[in-house]
Amino acid sequence: MIIILRPSATEENIRHITEKIAEWGLKSEVSRGEQRTVIGIIGPEDRVREKPLAAFPGVESVTPVLKPYKLVSYEFRGTPSKVSVPVKNGKVEFGGKPIIVISGPCSVESREQIIQIAKQVKKAGAHMLRGGAFKPRTSPYTFQGLGEEGLKLLAEAREATGLPVITEVMDTKDLSVIEKYADMLQVGARNMQNFALLKEVGRSRLPVMLKRGMSATIKDLLLSAEYILNEGNFNVILCERGIRTFETYTRNTLDLNAIPVLKRETHLPVVVDPTHGIGLKDHIPVMALAAVAAGADAIMVETHHLPENALSDGEQALLPEEFELLMKRMRAVAEAVGRSI
Ligand code: PEP
Ligand code: MN
């Protein structure tokens, strides 16, 4: 249920409404857009259906959200959300005019490897460092990640560069240790419908990047995000990372359609990962440019200084100099579509 306020509504009107909602045992989310303020009600709608919300001072209209996803739907806020990751002396903010670039290796492999790559992507202009410490691998016989040791190395790389770090959480039991070191949580494609994990990250203080499952529809992705917001964590960004189709030439099929569709359906920022989306190193840069042109709020690409030695996804990692060139090209496309990097 959303309450649209009149332009003349006062802070006192807003406080009165949110206090009433709390008395009814529900939560509210106030979104102050440029045009208007909207109060979204979080919780079972039947509890407010009979309440005379339209009679409250300052209220213009009251509308139920008819979509199956409520809190993530664009109407719930009526304005795009900004998701912030605090850094020393500032923040990295997703969902504004600047496009955020996340880069780093698929996996954290050693101190030398992660510090070296972190410095190189920072120099090229990346805003965040990625690196897996708990890796979701198709085969149990391949590298599974360094675990907590990898998290410590990520934190060292943040210290060395100032870049905030994002890393994947695969299991609810690992969340508390990951929270000690990471600035943002990644829920990977294989866990997009791990509902226990979604609820747990929904109770985390950290922002979350939710990746689209490889066989998930856009609606499935939005409903999974709904689980996280429903637990109180509104700091969520959605990641298109390619879906399985009949095409086997590429690793996955990067669904660029998802960008404008998500931008219309939800207020949450959208990030595109062309690395896993196409999986063919030579074609990653052009798909990153296409994603910027199509309206992505952020891009995530894997970079490795020695891809031939990489313990995972070496065949799809860009070299630091290739990443640097991509940054330059993305800047030009961003400018052409009214954004910046
Ligand atoms: C990753 O980002 O390294 C990863 C495993 O991604 P996905 O969950 O999209 O496969
Ligand atoms: Mn990877």
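**Ligand and metal sites in a predicted model**

An oxygen atom of ligand 1 lies 2.9 Å from an N or O atom in the side chain of Q186. The protein covers 98% of the 300 Å² of accessible area that ligand 1 has on its own. These values, like those that follow, were computed from a predicted model. Further short distances from ligand 1 involve both the backbone and a side chain: an oxygen atom of the ligand is 2.8 Å from a polar backbone atom of A189, and an oxygen atom of the ligand is 2.6 Å from an N or O atom in the side chain of R241. Ligand 1 is surrounded by 14 residues, of which R130, A189, R190, K211 and R241 are the closest. When the residues of this shell are divided by character, 7 are charged, 4 are nonpolar and 3 are polar.

The manganese ion, ligand 2, has protein donors in C106, through SG, in H276, through NE2, in E302, through OE, and in D313, through OD, and these lie 2.1 to 2.4 Å from the ion. Along the chain, the donors of the manganese ion follow the spacing C-x169-H-x25-E-x10-D. Within this set, the pair of H276 and D313 links distant parts of the chain, since H276 belongs to helix α9 (residues 274–278), whereas D313 is placed in the loop between β14 (298–302) and α11 (320–336), 37 residues apart.

Both members of this pair fall below the 20% limit of relative accessible area that is applied to buried residues. H276 is counted as buried because its relative accessible area is 7%, and D313 is likewise counted as buried because its relative accessibility is 13%. The backbone of D313 is also notable, in that this residue has a positive phi of about 55 degrees although it is not a glycine. Most residues other than glycine have a negative phi.

A positive phi is also found at N89, where the angle is about 60 degrees although the residue is not a glycine. N89 is located in the loop between β5 (83–87) and β6 (90–94), and with a relative accessibility of 82% this residue counts as exposed. D313, by contrast, is a buried residue at 13% relative accessibility, in the loop between β14 and α11.

Towards the start of the chain, N13 is placed in helix α1 (residues 11–23). N13 is buried, with a relative accessible area of 17%. The C-alpha atoms of N13 and G58 are separated by 5.9 Å, although the two residues are 45 residues apart along the chain.

For the chain as a whole, the secondary structure comprises 11 helices and 14 strands. The C-alpha trace spans about 65 × 45 × 45 Å along its principal axes. A compact globule of 341 residues would have a radius of gyration near 20 Å, and the chain, with 21 Å, agrees with this expectation. Of the 341 residues in the chain, 55% are buried.

Conventions. Residues are numbered from 1 along each chain as its sequence is written. Chains are lettered from A and ligands numbered from 1 in the order in which they are written. This is a predicted model: local features need pLDDT of at least 70, side-chain atom pairs count only at pLDDT 80 or more; totals for chains, interfaces and linings use all residues. Side-chain values use heavy atoms; hydrogens and water are left out. A residue is near a molecule or strand if one of its heavy atoms lies within 4 Å of it. A polar contact is a pair of N or O atoms within 3.5 Å; within protein, one must be able to donate a hydrogen and the other to accept it, and residues adjacent in sequence count only if both atoms are side-chain atoms. Accessible areas come from the Shrake-Rupley method with a 1.4 Å probe; for residues, only the protein chains shown count as cover. Ala, Val, Leu, Ile, Met, Phe, Trp, Tyr, Cys and Pro count as nonpolar, Asp, Glu, Lys and Arg as charged, and the others, Gly among them, as polar. Donors are N, O and S atoms within 2.8 Å of the metal (3.2 Å for Na, K and Ca); water is not among the atoms, so sites may look incomplete. Helices (H or I, at least four residues) and strands (E, at least two) are DSSP runs, numbered from the N terminus. Buried means under 20% relative accessible area, exposed over 50%, partly exposed in between (1.4 Å probe, protein chains only). The radius of gyration is taken over C-alpha atoms; the globule rule is 2.2 Å times the number of residues to the power 0.38.
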